[in-house]
Amino acid sequence: MTERQLLFDLGHRTALGREDFLVAPSNELAVAWVDRWPDWPGPALALHGPAGCGKSHLGEVWRAASKAVRIDAAHLTGGSPPAVLGGASAAVVEGAETALATSDGLAPQLLLHLYNMLAERGGHLLLTGRRPPVRWACRLADLRSRLAAAQAVAMGAPDDALLEAVLVKQFADRQL
């Protein structure tokens, strides 16, 4: 006789709010820049750092505060900037570095047009990547110059104290 284990579908809410983001030395400068919005010195801010450092979570915090449109890097290959932005005056582009490195030429053009449209609207663009934007593979000179001028903020890998705090929070979120 085979015993079957009962599985309980205990839902879990993904917590991506500002109150859910844990500030640590590895990310405090990036948090300060996100909190400084809309008083950024230019239309774009780039968060860069290793996988798992909190770029996406912090981008989601800013997206909620700014009412920004979220654009996945995979969607930078088609569409027109007006269609992608709609009436928004802010956008988050997750994985912009990857889109520029792997594109067939459309991603840089769309990103340049998004940047220009947001700048014309007095809006803002938040970009994420692993490396600083001046090191992104971009063959389009106009976009490369805008990326070089963007404020770039490094986020470090989480230290042991932050990892411990994240684990405790994750267990608490799951009521464990």
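This passage walks through the fold, the nonpolar cores, one helix pair and one loop residue of a predicted model.

Starting with the overall layout, the chain holds seven helices and five strands. Read from the N terminus, these elements follow the order α-β-α-β-α-β-α-α-β-α-β-α. Of the 176 residues in the chain, 40% are buried. Among contacts with a separation of 6 or more, 75% link residues that sit 24 or more positions apart.

Next come the cores. In soluble globular proteins, nonpolar side chains tend to be buried together. Here, the largest nonpolar core has 26 residues, and the ones touching the most other members are Leu76, Val93, Leu100, Leu111, Leu125, Leu127 and Leu143. Several elements chip in with at least two residues each: strand 1 (44-48), strand 3 (90-94) and strand 4 (124-129), along with helix 4 (96-102), helix 5 (106-120) and helix 6 (141-149). Helix 5 gives the largest share, with eight residues. Looking at Leu111 in particular, and setting aside neighbours within four places in sequence, its contacts are Val93, Leu100, Leu125, Leu127 and Leu143. Another core lies apart from this one; it has 18 residues, including Phe21, Val34, Leu47 and Cys53.

Helix 5 also pairs up with helix 6. Two packed helices are described by the angle between their axes and the distance between the axes. For helix 5 and helix 6, the axes come within 9 Å and cross at roughly 55°. An angle of that kind is neither under 35 degrees nor in the 65 to 115 range, so helix 5 counts as oblique to helix 6. The crossing of helix 5 past helix 6 is left-handed. On the helix 5 side, the residues involved are Pro108, Leu111, Leu112, Tyr115 and Asn116, and they meet Asp142, Leu143 and Arg146 of helix 6. Sorted by class, this contact has five nonpolar residues, two charged ones and one polar one. Leu111 and Leu143 thus turn up again, having already been listed among the core residues that touch the most other members.

Finally, there is Arg131, found in the loop between strand 4 and helix 6. With a relative accessible area of 31%, Arg131 falls between the 20% and 50% cut-offs, so it counts as partly exposed. Beyond its neighbours within four places in sequence, Arg131 is in contact with His48, Glu97, Trp136 and Ala137. The C-alpha atom of Arg131 is separated by 8.7 Å from that of Leu47, although the two residues are 84 residues apart along the chain. Leu47 is one of the members of the 18-residue core.

Definitions and conventions
Residues are numbered from 1 along each chain as its sequence is written. This is a predicted model: local features need pLDDT of at least 70, side-chain atom pairs count only at pLDDT 80 or more; totals for chains, interfaces and linings use all residues. Side-chain values use heavy atoms; hydrogens and water are left out. A nonpolar core is a set of buried Ala, Val, Leu, Ile, Met, Phe, Trp, Tyr and Cys residues joined through side-chain atoms within 4.5 Å. Buried means under 20% relative accessible area, exposed over 50%, partly exposed in between (1.4 Å probe, protein chains only). Helices (H or I, at least four residues) and strands (E, at least two) are DSSP runs, numbered from the N terminus. Contact means heavy atoms within 4.5 Å. Axes are lines fitted to C-alpha atoms, for helices over the stretch in contact, and angles run from 0 to 180 degrees between N-to-C directions. Angles under 35 degrees count as roughly parallel, over 145 as roughly antiparallel, 65 to 115 as roughly perpendicular and the rest as oblique. A crossing is left-handed if the near helix is turned anticlockwise from the far one by less than a right angle, and right-handed if clockwise. Ala, Val, Leu, Ile, Met, Phe, Trp, Tyr, Cys and Pro count as nonpolar, Asp, Glu, Lys and Arg as charged, and the others, Gly among them, as polar.
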